[in-house]
Structure formats: C-alpha cells, structure tokens
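Got the viewer open? Let's take a walk through this protein, one selection at a time.

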Amino acid sequence: MNFRRLCATFSPICRGFFIVALGVALAAPAADAAQRKHPAKKSVATAKRTATVAKVSVRKHKSSHVVRTSAHSVHKPRVAAAVVNARPSFGEMAGLHAVEGPLDLKSSVALVIDQDTKEVLLSKNDHAVLPIASLTKLMTGLIISQARLPMAEPITITQDDVDTEKNSRSRLAVGTTLSRREMLHLALMSSENRAAHALGRTYPGGLPAFVALMNAKARLLGMTNTRYVEPTGLSSQNQSSARDLAALVNVAYGDPLLREFTTSPGYEVAVGHRMLQYNNTNRLVKNPEWDIGLQKTGYITEAGRCMVLQTQIAGRKLIMVFLDSAGKLSRIADAERVRSWVEATPKLAAGLHHLQTIKG
C-alpha cells in the first residue's frame, strides 16, 4: 500500500494528530513568553518536581539510613549523597558528653594514671559503665595467653564465628585455618572478630566456659563494674568502666605476648594460596613520637570510638583510657592533647601535679 492510499485510509486520524500538533506548536511560544514574563512560576514548578523526586529517593533509601537527592537537570551534576547520623551511643544518651572535662577532651570518658604510683593525673566520668566494643579482646587475649594452650594448634573458622549481630565483615572466610598464635595476633592487632570468636569457641569447654573465665578474671582483678557475654566486643552487653579497664591494661602489659601483638604495626598471613596483609587499627603505633607498650582500640555504635594504651611520656609510665569518642580521630586527638599537656607541665614529669577529677 503506497503512502497516499495509507493517508487516505486513516485520514480522520491523521487530521486529528495534525490539529493537536498545530495546537501545541501555537501554544509553545505563548508558554515561553509567559515563563519569561513570570520566571518565579517556573522556579516553583521546578522546586515542586525536585521535592517530589527527592521524597521518592528518601523512601527508597530510608531502610539503609542513607538519603540521596536524585533531582538533577541536564546542566547540573547529581547532588552528593548525604549520610544520616547513626543512633546515639550509650554515653550520648546518658548525657556524658555534656560534662565539661579537662583539656577539652572529646571522649565522654577519660582516665590517665601513673602506672607505677597509681596517681590519677586526669579523669572524666571515670566510673561510668559503658559498652567497650573491641576493648573486650584484651581480656580475650589475656585468657588465651595465660592458658598456655598449644599456640601452633590449627583453628578453623566456622559458620558459628560469623557475626550475625552487627553483620561485620571479615577477610577470614568460613573454612580458613590458621594457628592459634595467628588468630590471637589478628584479634589483638587488627581486631579480627572471627578470629577472636574462634579463640573462645575452641577453648576447652567451649564458648560458655571461656566467657565464664573472662568474668572470673575480671572479678579477680577487682573489675567490679565489668561484664562480658562474648569474646569479640560486638555485643553492647560487654561493658566496663575506665577504672576497670585501667586495671586490665596494667595486668595485660605484664604479658609479653600481648605487648608484642597489640603493638605490631602489621602482619601477613597465608590463607590458601594467598597472602593477606593486616595492619594495626591504631595509627599511633607507627608514630615515632609515641612510645607505646600496649594498646587496643574498639568501636560499635553503642560504645562510640574507644582506646586504651600504656605509654611512656616525659619519663612516666602512663595508662590512658578513652571511651565513647564521637569522631574517628577524636580518641587519637585526645591522646595527643594529653601527651602535649604532660610534656608541657614540668611538675607532671616529677609526679607532683594532680588535675582535679571530673565526674559525671
């Protein structure tokens, strides 16, 4: 069928389309003129469309706590993603950050003591009991080290070691086999959760016996405000105070294996045919200005950023505890503030100065 015959057959339809097209063509200049005359109307309409698209995007991403603005034009790039703040920590809910402490520390809990004399140089909310995250692994390591189990014995990661509470990631896949020594090294240096859980799970008597030993050891050390429910720190029910943790650091420092593993800057392990490089979670161990004998970091939302360390500053062996620090670098910055303060205060080096205790 040729073109003329086709048009003749559908001429009513063709005429309808022609009329509509003609109307649109005639209306377009008028609409453009109206927009030029009243630009605000165009802006309002654009804003409405943008708000509509943004609302749809928020609903899509609400479950992941991430809001992305997808409204854009031909001439404008996409707006960068904005991250919504996570749930508040236990310390924030308790109002501990509102307590003004010395040196403008950003951690809601802080304690600095002389390791030899037990003199308190600085404290802030030091009796508050909070979740301690991976600081838990310091007790895990102490139990394993003092048990004198065969450190060369192979331990295999199983499905039981996979975190189902926080869904944290791990480079140790199910089926990975390492020695007990390697597992302990990774747990203390890189805070490897599956390694820490496997150490407790394979302890004689199993995980319940191991957790019972953790709590018994805490009582033996006088850690009356401390409770453990598992060996990784992923549970917010693992809780302690700065005072208790300082006592733990003091004892753990006496263990050569814990000193070595917690201050190791990096460690490489063979997993199958691959070599995995792990690094220390605490950047201070690589800082030549710091003399650190033992340390451990930790983080879960409920605990905030945490850190304990044994160090020597201005001739004094000090134990520092920082809990519930709000930012990623705040606990490091707090430690730097304390070090600068000790070095700049001659009386502190001689052990003759005591800073007033701040309690919340």
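Which helix does Val211 lie in? Select it and you land in helix α8. Before going on, a word on what you are looking at: this is a predicted model, where local features need pLDDT of at least 70 and side-chain atom pairs count only at pLDDT 80 or more, while totals for chains, interfaces and linings use all residues. Residues are numbered from 1 along each chain as its sequence is written, and side-chain values use heavy atoms, with hydrogens and water left out.

**The whole protein**

Zoom out for a moment. The protein has 12 helices and 13 strands; helices (H or I, at least four residues) and strands (E, at least two) are DSSP runs, numbered from the N terminus. Of its 360 residues, 43% count as buried. Here buried means under 20% relative accessible area, exposed over 50%, and partly exposed in between (1.4 Å probe, protein chains only).

**Stop 1: helix α8**

Go back to Val211, which is buried with a relative accessible area of 11%. Show its neighbours: leaving out residues up to four places away in sequence, Val211 touches Tyr228, Val229 and Glu230. Touching is a contact, meaning heavy atoms within 4.5 Å. Now add Gly200, 11 residues from Val211 in sequence, and look at the C-alpha atoms of the two, which are 7.6 Å apart.

Next, pick Lys217, also in α8, which covers residues 206-220. Is Lys217 buried or exposed? Its relative accessibility is 16%, so Lys217 counts as buried. Not counting residues up to four places away in sequence, Lys217 touches Met139, Leu142, Ile143 and Gln146. Take Ile143 from that list: it is 74 residues from Lys217 along the chain, yet their C-alpha atoms are separated by 8.1 Å.

**Stop 2: helix α5**

Follow that link and select residues 136-147, helix α5. With 12 residues at 1.5 Å each, α5 should span 16 Å, and its end C-alpha atoms are 17 Å apart, which agrees. (The expected span is 1.5 Å times one less than the number of residues.) Because 10 of its 12 residues are buried, α5 is largely enclosed by the rest of the structure. The buried ones include Leu138, Met139, Leu142 and Ile143. Step just past the end of α5 to find Arg148, with a positive phi of about 55°.

**Stop 3: strand β3 and its partners**

Select residues 107-114, strand β3. Eight of its eight residues are buried, so β3 is largely enclosed by the rest of the structure. Now colour the strands that pair with it (two strands pair if DSSP finds at least two bridges between them). Seven bridges join β3 to β13, residues 316-325, and the two run antiparallel. To see them face each other, show Asp114 with Leu318 of β13 opposite.

Strand β4, residues 120-124, also pairs with β3 in the antiparallel sense, over four bridges. Here Ala110 stands opposite Lys124. β3 and β4 form a hairpin with five residues between them, and in the turn Lys118 has a positive phi of about 65°.

**Stop 4: strand β11**

Move on to residues 292-300, strand β11: eight of its nine residues are buried, so β11 too is largely enclosed by the rest of the structure. Its antiparallel partner is β12, residues 304-313, joined to β11 by eight bridges. Ile292 stands opposite Thr311 in β12. How many residues lie between β11 and β12 in their hairpin? Three.

**Stop 5: the largest pocket**

Switch on a surface here. The largest pocket holds about 1,000 Å³ of space. A pocket, on a 1 Å grid over the protein atoms alone, is an open set of points where a 1.4 Å probe fits, with protein on both sides within 12 Å along at least five of seven lines; lining residues have an atom within 4 Å of a point. Points are joined across faces, edges and corners, and the volume is the space filled by probe spheres set on them.

The lining has 30 residues, and Ser190, Ser191, Thr281, Tyr299 and Arg305 lie nearest the centre. β11 gives the most to the lining, with five residues. Ser191 comes just after helix α6 and takes a positive phi of about 60°.
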